[in-house]
Amino acid sequence: MSSALSESALAAIQQGELREVRSSRNFTLASFTMDGPILVETKRFGDARGAFSETYSARDFAACGLTTEFVQDNFSISQPVGTLRGLHFQSQPEPQAKLVRVLSGRVLDVAVDLRRASPTYGQYVAVELSAEAGNQLYVPVGFAHGFCTLEPDCAVAYKVSGYYAPACDKGLAWDDPDVGIRWTLPEGGPVLSDKDSRQPRLRDLPDYF
């Protein structure tokens with residue numbers, strides 16, 4: 001059913017396969033064979049001045065089966081190529097779903113299934129998001145999320161379904177061999193925060209979801 005997506009949207013998928021595509025007005029939402037994450041493609045209208053696009057519509061997302069209510073918008077700028085932020089999630093009772101898009105540059109965006117009863121527990125999807133493509137990745141509750149920048153000065157914005165809760169702020173090791181994420185990294189490896197260099201492996205995580 002992937003023919004409803006543009007070639008650029010299909011090319012963006014580096015890990016994961018699609019199973020269903022739904023469209024409403026200016027949005028096309030494609031779900032993966034891994035239940036939960038959703039790839040979002042938006043129509044862009046251009047003329048001599050530049051371009052315009054809607055980036056979110058509760059009505060159209062709901063028409064495509066996505067009814068998550070978002071309560072906060074977040075924004076980050078990452079200057080060096082190879083900046084890796086993640087893998088992050090919030091545990092119960094303050095979990096977060098995310099809708100991630102890139103305002104400038106390109107990133108490899110990753111979602112790892114942490115739902116213990118899921119048949120895809122410990123597996124991941126990876127999608128290249130870019131300002132040029134205008135695509136987005138929906139990361140549901142129960143997934144760890146992270147991204148690595150593929151260009152300098154990347155700006156990333158994301159909506160979240162819950163407010164930041166420090167007591168529920170958790171993480172997963174970006175390089176856990178049991179997950180085996182194929183990051184696109186520069187020579188010398190990623191640029192990490194101290195926190196993200198010390199996150200636990202999947203096998204050491206409690207049963208959060």
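Modeller: A word on classes first: Ala, Val, Leu, Ile, Met, Phe, Trp, Tyr, Cys and Pro count as nonpolar, Asp, Glu, Lys and Arg as charged, and the others, Gly among them, as polar. This is a predicted model, where local features need pLDDT of at least 70 and side-chain atom pairs 80 or more, while totals for chains, interfaces and linings use all residues. Residues are numbered from 1 along each chain, and side-chain values use heavy atoms, without hydrogens and water.

Colleague: Thanks! In what order do the 7 strands of the open sheet run?

Modeller: Strands here are DSSP runs of E, at least two residues, numbered from the N terminus, and two of them pair if DSSP finds at least two bridges between them. The pairing in this open sheet is antiparallel, and the order of its 7 strands is 2-3-4-12-9-14-7.

Colleague: Why is one side of strand 2 and of strand 7 left without a neighbour in the sheet?

Modeller: Look at the ends of that order: strand 2 covers 18–24 and strand 7 covers 72–78. One side of each is free because both stand at the edges, each with a single partner strand.

Colleague: Which residue of strand 3 is the bridge partner of Leu 18?

Modeller: Strand 2 pairs with strand 3, residues 27–32, in the antiparallel sense over 6 bridges. In strand 3, the partner of Leu 18 is Phe 32.

Colleague: Which residues do ring pairs link into a cluster?

Modeller: Rings of Phe, Tyr and Trp (its six-membered ring) pair if their centres lie within 6.5 Å. The whole structure has 5 aromatic pairs. Ring pairs build a cluster from Phe 27, Tyr 56, Phe 61 and Phe 70.

Colleague: Which strand gives the largest share of the lining of the largest cavity?

Modeller: A cavity is a set of points on a 1 Å grid where a 1.4 Å probe fits but cannot get out, and lining residues have an atom within 4 Å of a point. The largest one holds about 40 Å³, and its lining includes His 88, Phe 89 and Gln 90. Strand 8 (84–90) and strand 13 (143–149) each give two or more residues to that lining. The largest share, 3 residues, comes from strand 8.

Colleague: How many charged residues are in the lining of each cavity?

Modeller: There are 2 cavities of 30 Å³ or more. The largest is lined by 5 nonpolar, 5 polar and 1 charged residues. Around the second largest stand residues including Leu 114, Arg 116 and Tyr 121. Its lining has 7 nonpolar residues and no polar ones, and the charged count is 1.

Notes: Helices (H or I, at least four residues) and strands (E, at least two) are DSSP runs, numbered from the N terminus. Rings of Phe, Tyr and Trp (its six-membered ring) pair if their centres lie within 6.5 Å; planes under 30 degrees apart count as stacked, over 60 as edge-to-face and the rest as tilted. On a 1 Å grid over the protein atoms alone, a cavity is a set of points where a 1.4 Å probe fits but cannot get out, and a pocket is an open set with protein on both sides within 12 Å along at least five of seven lines; lining residues have an atom within 4 Å of a point. Grid points are joined across faces, edges and corners, and a volume is the space filled by probe spheres set on the points.
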